[in-house]
Amino acid sequence: RAMSRWASVEGSLRILYLTSQGILYAAENCDIQEMGRRERSLLAAYYQVVNYRSRLSMIEASVKVLALPSLLLESWKPLLRRLERQSKTRNSLAHFGAVLHQGAPPGRRFFVAEDIANPLVPHMTAKKIFTHELVEIEKLFRSLAEDVAAFEGELQGALLKEHKLRDTHS
């Protein structure tokens with residue numbers, strides 16, 4: 001479930017990217033065939049960047065150049081740090097192996113761990129993530145996805161306000 005929840009983080013980031021590009025995304029407009037040329041082009045570019053850190057850098061650059069109100073920009077910085085930090089947890093989940101240890105006490109029988117066959121990782125010091133920790137990680141990922149979506153909403157509001165102000169002053 002934690003990995004599925006991470007997918008919602010990535011989905012929120014995709015919408016944030018579109019918003020940072022001036023596309024006001026609505027869930028009912030998610031059919032690619034219904035999107036305009038610009039939206040399809042932006043999504044094509046987004047999906048060409050397959051590395052998470054590179055995508056996050058692309059989004060960060062887009063957000064930076066928007067000349068956002070300082071309060072909004074200040075809320076972006078800690079969110080960006082969380083995205084970077086929690087992506088490391090996601091990578092552990094994606095690259096660790098599932099282990100069932102029959103002899104372990106309840107609550108510690110199932111875990112994910114670094115590959116114990118790797119001679120560079122001593123078996124006794126291999127990092128392990130137990131079931132109760134996976135539940136907490138899923139909650140962290142859910143909170144992160146919600147916070148990215150909330151930031152995107154604030155960004156959308158700021159861009160709409162800026163656009164309306166520009167329209168009234170032209």
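**Exercise 1. Which residues does Trp76 touch, not counting residues up to four places away in sequence?**

Solution. The model examined here is predicted.
Step 1. Contact requires heavy atoms within 4.5 Å.
Step 2. With residues up to four places away in sequence left out, Trp76 touches Leu16, Ile59, Glu60, Val63, Leu83 and Phe151.
Step 3. Trp76 also belongs to the largest nonpolar core, a set of 37 residues, where Leu13, Trp76 and Leu83 have the most contacts.
Step 4. Helix 1 (2-20), helix 2 (37-48), helix 3, helix 4 (70-95) and helix 5 (131-169) each contribute at least two residues to this core. The largest share, 10 residues, is that of helix 5.

**Exercise 2. Describe the order of secondary-structure elements and the overall burial of the chain.**

Solution.
Step 1. Five helices and three strands are present in the chain.
Step 2. Their order along the sequence is α-α-α-α-β-β-β-α.
Step 3. Buried residues make up 34% of the 170 residues of the chain, where buried means under 20% relative accessible area.
Step 4. The exposed surface of the chain is about 10,700 Å², and 56% of it is supplied by carbon and sulfur atoms.
Step 5. Among contacts with a separation of 6 or more, 63% join residues 24 or more positions apart.

**Exercise 3. Determine how the buried residues of helix 2 are arranged and what they pack against.**

Solution.
Step 1. The 12 residues of helix 2 should span 16 Å at 1.5 Å a residue, and the end C-alpha atoms are indeed 16 Å apart.
Step 2. Leu42, Leu43 and Tyr46 are buried in helix 2. Because these buried residues fall within an arc of 95 degrees when seen down the axis, they line one face of the helix.
Step 3. The buried residues of helix 2 pack against helix 1 and helix 3.
Step 4. On the face turned away from the buried side, helix 2 carries the exposed residues Arg37 and Gln48.

**Exercise 4. Analyse the N-terminal end, span and buried side of helix 3.**

Solution.
Step 1. The N-terminal end of helix 3 is capped by Asn51, which has a side-chain oxygen 2.9 Å from the backbone nitrogen of Arg53.
Step 2. Helix 3 comprises 13 residues (52-64); the distance from its first C-alpha to its last is 18 Å, close to the expected 18 Å.
Step 3. The buried residues in helix 3 are Tyr52, Arg55, Leu56, Ile59, Ser62 and Val63. They lie on the same side of helix 3 because they cover an arc of only 120 degrees around the axis.
Step 4. Ile59 and Val63, both buried in helix 3, are also among the residues that Trp76 touches.

Notes
Residues numbered from 1 in each chain as written. Predicted model: local features only at pLDDT ≥ 70, side-chain atom pairs only at ≥ 80, totals over all residues. Heavy atoms only, no water. Helix = DSSP H or I, 4+ residues; strand = E, 2+ residues; numbered from the N terminus. Expected span 1.5 Å × (residues − 1). Buried < 20%, exposed > 50% of the residue type's maximum accessible area, 1.4 Å probe, protein only. Arc of directions from axis to C-beta. Polar contact = N/O pair within 3.5 Å; in protein donor to acceptor, adjacent residues only side chain to side chain. Areas by Shrake-Rupley, 256 points an atom, 1.4 Å probe, with all protein chains shown as cover. Core = buried A, V, L, I, M, F, W, Y, C linked by side-chain atoms within 4.5 Å.
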